[in-house]
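Subject: Structure handover

Hi there,

Here is the structure I promised to pass on to you. Have a look at it first, and then read on for what turned up when I went through it.

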Amino acid sequence: MTQFKPGDVNLGDPDQLLEVGMPPHEYFAVLRQEAPVFWNPPPSKPLGGAFPLDRGFWVLSKWEDVSMASRDAHHFSSWLGGPVIYDFHPDAPPSSPYSLEGQRLGLMGKDHPDHTAYRKLVSAGFTPKNIAKLEPMIREHAKRIIDRVRDVDDAEFVFAVAAELPMMTLCELMGVPQEDWLQFFTWGNNIAMVEDPTIDALQTSMELYAYCQSLVDQKRENPDGSMLSHYANKEIDGERLTDFEINMFFLTLSIAGHETTRNTTAHVIRLLSEHPDQRALLLEDLHGRLPNAIEETLRHSPPVVQFRRTATKDLEVRGAQIKEGDKVYLSYASANRDEEIFDDPDRFDILRPNADKHLSFGAGPHFCLGNTLARLQLRTILEELLTARPNVHVSGDITKLRSIWFNAMTEMPVRFDEPAGVAL
Ligand code: HEM
């Protein structure tokens with residue numbers, strides 16, 4: 001095992017992260033022990049991809065600190081520098097990839113009171129009661145996806161199985177016509193690859209925005225009961241969302257609700273492949289144990305490694321002097337392995353009693369709006385998959401996404417036969 005020192009890994013260098021492993025759990029363990037609030041300097045070379053990263057940032061690696069900063073929007077702002085770790089420019093026009101203004105327009109890039117008002121308007125469709133109503137639709141799509149792998153021996157898991165349900169759910173939710181699903185799917189895939197120099201994520205965002213506007217116009221002419229139709233036509237508590245707010249929200253969902261759920265599905269199968277004893281435990285009582293197995297997967301292998309805040313004033317955290325305007329990296333991946341909160345935190349244990357204390361959905365005012373929907377989709381696809389093909393296991397090399405943000409895979413070969421040594 002490599003023994004790192006604080007500073008050995010630059011968390012802004014996607015190539016180094018591919019080498020040491022993303023998330024770099026061994027490195028985070030050293031930070032938690034030796035430098036829980038650590039200054040990560042800017043990377044020595046440009047990131048590549050859509051967004052610039054020129055400045056260093058403070059890394060919070062302890063559960064208490066990540067939780068505190070997520071909840072304390074007064075001192076740790078999502079608006080001041082935007083919610084993501086890249087360096088956006090306050091004077092760039094909103095159409096530029098470097099625009100801070102563009103970042104501030106979405107739900108994630110606002111602080112109270114704007115955030116509270118906007119969230120109230122868009123959150124109506126996401127209440128547990130409304131999400132529960134989606135189960136039959138989600139179940140039907142999940143069955144259709146799993147039917148395709150019912151009789152095959154091998155598949156590429158990420159795109160053949162994991163990717164479709166989140167996109168189909170979003171399309172259904174928003175009332176995207178079936179003939180546009182493939183296009184929507186391609187946009188969603190492109191937008192997740194922000195650090196891939198071959199993909200123009202900004203161009204994709206602009207196309208999605210324009211597409212949403214045309215859908216909003218259609219929903220006004222022909223309301224259809226979809227969430228988008230609701231936003232386009234209804235007042236909520238005497239307020240109505242502007243077209244701009246609707247389009248930005250649509251864009252946010254296309255990013256936030258896609259890559260995350262897809263990768264968690266893939267991580268569950270990866271972890272069960274690495275831990276045959278946990279698979280056997282799960283299959284003994286699939287319906288009873290799956291919800292906690294999903295929480296444990298989110299804790300152990302969060303699909304979103306970090307989000308960002310910006311200090312609104314000079315602050316001291318664990319003796320570190322954070323200056324007004326400094327960027328702060330909230331490491332969910334590290335917080336979830338904090339040994340002060342979780343016993344033997346590197347262990348994957350589907351019966352862990354406090355697995356759901358993870359911070360993978362964030363905390364505080366920006367706590368993931370889609371968490372109930374994500375959990376429902378994960379439970380449904382995994383119930384269908386593990387009932388039909390309980391032995392699905394990783395059968396070759398996994399290709400990881402080059403990213404300083406996501407713990408994501410672009411390829412995961414699987415086999416559906418019985419792996420050696422698994423007693424079922
Ligand atoms: C496993 C799946 C998911 C994970 C791990 C995840 C993670 C997160 C995290 C960490 C945040 C907090 C950002 C911050 O504090 O700055 C967040 C916010 C958000 N998520 Fe998710 N997410 C998931 C699925 C979804 C889905 C399915 C949707 C909707 C379809 C969604 C919609 C949102 C929205 C709208 C926000 C912004 C909330 C706000 O700023 O008030 N997410 N998510």
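A word on naming before the rest: helices are DSSP runs of H or I with at least four residues, strands are runs of E with at least two, and both are numbered from the N terminus. With that in hand, proline 113 can be placed in the loop between α4 (100–104) and α5. The peptide bond leading into this proline from histidine 112 is cis, with omega near 5°.

Please keep in mind that this is a predicted model. The mean pLDDT of the protein chain is 92, and 96% of the residues score at least 70. One stretch to treat with care is 420–424, where the pLDDT is below 50; beyond near neighbours in sequence, these residues have six contacts in the model.

Now to the ligand. Which residue of the protein donates to the iron atom? The only protein donor is Cys368, through SG, at 2.3 Å. Cysteine 368 is located in the loop between α17 (332–335) and α18 (371–388).

The ligand is surrounded by 28 residues, and the closest of them are His115, Arg119, Arg309, His366 and Cys368. By type, the shell splits into 17 nonpolar, nine polar and two charged residues. Several elements supply at least two shell residues each: α5 (114–122), α13 (243–256), α14 (259–274), β5 (306–311) and α18.

Three polar contacts to ligand oxygen atoms are worth a look on screen:

- Histidine 115 has a side-chain N or O atom 2.7 Å from an oxygen atom of the ligand.
- Arginine 309 places a polar side-chain atom 2.7 Å from a ligand oxygen.
- Histidine 366 has a polar side-chain atom at 2.6 Å from an oxygen of the ligand.

On to the sheets. Five strands make up an open sheet with mixed pairing, in the order β1-β2-β8-β5-β3. Its edges are β1 (37–40) and β3 (76–77); each has a single partner strand, so one side of each is left without a neighbour in the sheet. β3 runs antiparallel to β5, and two bridges join them. Within this pair, phenylalanine 76 is opposite alanine 311 of β5. As noted above, β5 is also among the elements that supply at least two residues of the ligand shell.

There is also an open sheet of three strands, ordered β4-β12-β9, with antiparallel pairing. Why is one side of β4 and of β9 left without a neighbour in the sheet? β4 (154–156) and β9 (393–394) stand at the edges and have a single partner strand each, so one side of each stays free of a neighbour there. The antiparallel pairing of β9 with β12 (residues 413–415) covers two bridges. Valine 394 has valine 414 in β12 as its bridge partner.

Finally, some backbone details. Besides the cis bond described at the start, methionine 22 and proline 23 are joined by a cis peptide bond, with omega about 0°. Proline 23 belongs to the loop between α1 (14–20) and α2 (25–34). Arginine 318 has a phi near 45°, which is a positive value in a residue other than glycine. You will find arginine 318 in the loop between β6 (315–317) and β7 (320–322).

Happy browsing, and do write back with any thoughts.

Best wishes

Definitions and conventions:
Residues numbered from 1 in each chain as written. Predicted model: local features only at pLDDT ≥ 70, side-chain atom pairs only at ≥ 80, totals over all residues. Heavy atoms only, no water. Donors = N, O, S within 2.8 Å, 3.2 Å for Na, K, Ca; no water. Pairing = 2+ DSSP bridges. Near = heavy atom within 4 Å. Polar contact = N/O pair within 3.5 Å; in protein donor to acceptor, adjacent residues only side chain to side chain. Nonpolar A, V, L, I, M, F, W, Y, C, P; charged D, E, K, R; others polar. pLDDT = per-residue confidence, 0-100. Contact = heavy atoms within 4.5 Å.
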